[in-house]
Amino acid sequence: MTAELIKGSEIRNVILEELKADVQKLKAKHGIVPGLVTILVGENPASISYVTLKIKTAHELGFHEIQDSQPVDISESALLALIDKYNKDPKIHGILVQLPLPKHIGEKKVITAIDPDKDVDGFHPVNVGRLMIGGDEVLYPPCTPAGIQELLIRSGTATSGAEVVVVGRSNIVGKPIAVMMAQKAKGADSTVTIVHTRTKNLEFHCKRADILIVAAGVPNLVKPEWIKPGATVIDVGVNRVGVHPETKKPILKGDVDFDRAKEIAGKITPVPGGVGPMTIAMLMKNTVKSAWLHAEGK
Ligand code: NAP
């Protein structure tokens, strides 16, 4: 059996078309466009490439977008003052500070300085709390978990009552997707297990999964024999395992042994082209939502 591919790149394109139409509606009704600022500190090549992609997508959607690049030695207080400026700017609906930050800047302080109503990354403790409560309380779900859930919904994967096993417990992927899948909601209602480096028998848990979500950052961690035949496998991992000799571009691999896993799984996401493109689409979706909420005074 060869698994059906869940093509994030194609689903992303559909979502961006929907968002373009929504941006037009917003413009027609309120005369505004969504505003997104991306603050980049320093010159980390991976961060530059993520920010460039985000800006490009925002531009394609007709956003008012600002790329605010700051030197690596910007002081913490200067960065906090910059965030405050954008918190007060009525043309800006989404503020994104690209992580990681240099060591002299407190990441927590920076995240909590962002107005929760403009925190389109969904990392502010207020938004984390709202995610935990669920339902209408959720303002901006964090982008990668939201992208995973959207992939499950749009690929027609049954989640209600499904055994979901999440490998990894980070604040940006593992924990929030586990909470989201356990909520009483569309694309959720699952029975969730979280596993991590202290879990006694990783294979045992993975084998029970109807939906296996892997976000560990370890290439080929999940072996094909750990996958239940017919299961849906969402591979979040992005690991640079080498450099292509001709293009000089990094060679990316997920956390799942894709070539062999696709012979056992029912559905599987590729790396690249699976979860990655969805993360940016969800950032755009949160920014459009924020613009509507601000325009309608909610
Ligand atoms: P992280 O903060 O490093 O967390 C990794 C988690 O995996 C930790 O909870 C860790 O357990 C667990 N883990 C690591 N090795 C393990 C093992 N051998 N067995 C069981 N659990 C293990 O990573 P992250 O930020 O969540 O990212 C995970 C991966 O997803 C990375 O490859 C990252 O690049 C990728 N990612 C992709 C996107 C995207 O848009 N496609 C977005 C975000 C992240 P402990 O807690 O016990 O240490």
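Helices here are DSSP runs of H or I covering at least four residues, and they are numbered from the N terminus. With that in hand, let's walk through this predicted model, starting with its charged pairs.

**Pairs within one helix**

Helix α1 spans residues 8–30, and E17 and K20 sit 3 residues apart in it, which puts about one helical turn between them. The two form a salt bridge, with 3.3 Å between the closest N and O atoms. Both ends have some contact with the outside: E17 is partly exposed at 49% relative accessibility, and K20 is partly exposed too, at 32%.

Helix α2 (residues 45–60) has a pair of its own. K56 and E60 are 4 residues apart there, so about one helical turn separates them. Their side chains meet in a salt bridge, at 3.4 Å from N to O. E60 comes out as partly exposed, because its relative accessibility of 42% falls between the 20% and 50% cut-offs.

**A pair between two helices**

What about K285 and E150? Their side chains also meet in a salt bridge, this time at 3.7 Å from N to O. K285 belongs to helix α10 (residues 275–295) and E150 to helix α6 (residues 143–154), so this contact ties together parts of the chain that lie 135 residues apart in sequence. The two ends differ in exposure class: K285 is partly exposed, with a relative accessible area of 35%, whereas E150 is buried at 13%, because buried means under 20%. The pair also belongs to something wider, since salt bridges with shared partners link E18, E150, R154 and K285 into one network.

Here are the three pairs side by side:

| Salt bridge | N to O distance | Location |
|---|---|---|
| E17 and K20 | 3.3 Å | helix α1 |
| K56 and E60 | 3.4 Å | helix α2 |
| E150 and K285 | 3.7 Å | helices α6 and α10 |

How many salt bridges does the model have by this rule? The count comes to 14, and the table rows are among them.

**A β-α-β unit**

Now for some strands. Strand β5 (residues 163–167) and strand β6 (residues 191–195) run parallel, and 5 bridges join them. Which residue of β6 is the bridge partner of V166? That would be I194. Helix α7, residues 174–182, completes the picture: together with β5 and β6, it makes a right-handed β-α-β unit.

Methods
Residues are numbered from 1 along each chain as its sequence is written. This is a predicted model: local features need pLDDT of at least 70, side-chain atom pairs count only at pLDDT 80 or more; totals for chains, interfaces and linings use all residues. Side-chain values use heavy atoms; hydrogens and water are left out. Two strands pair if DSSP finds at least two bridges between them. A crossover is right-handed if, with the strands pointing away from the viewer, the path from the first strand over the helix to the second runs clockwise. A salt bridge is a side-chain nitrogen of Lys or Arg within 4 Å of a carboxyl oxygen of Asp or Glu. Buried means under 20% relative accessible area, exposed over 50%, partly exposed in between (1.4 Å probe, protein chains only).
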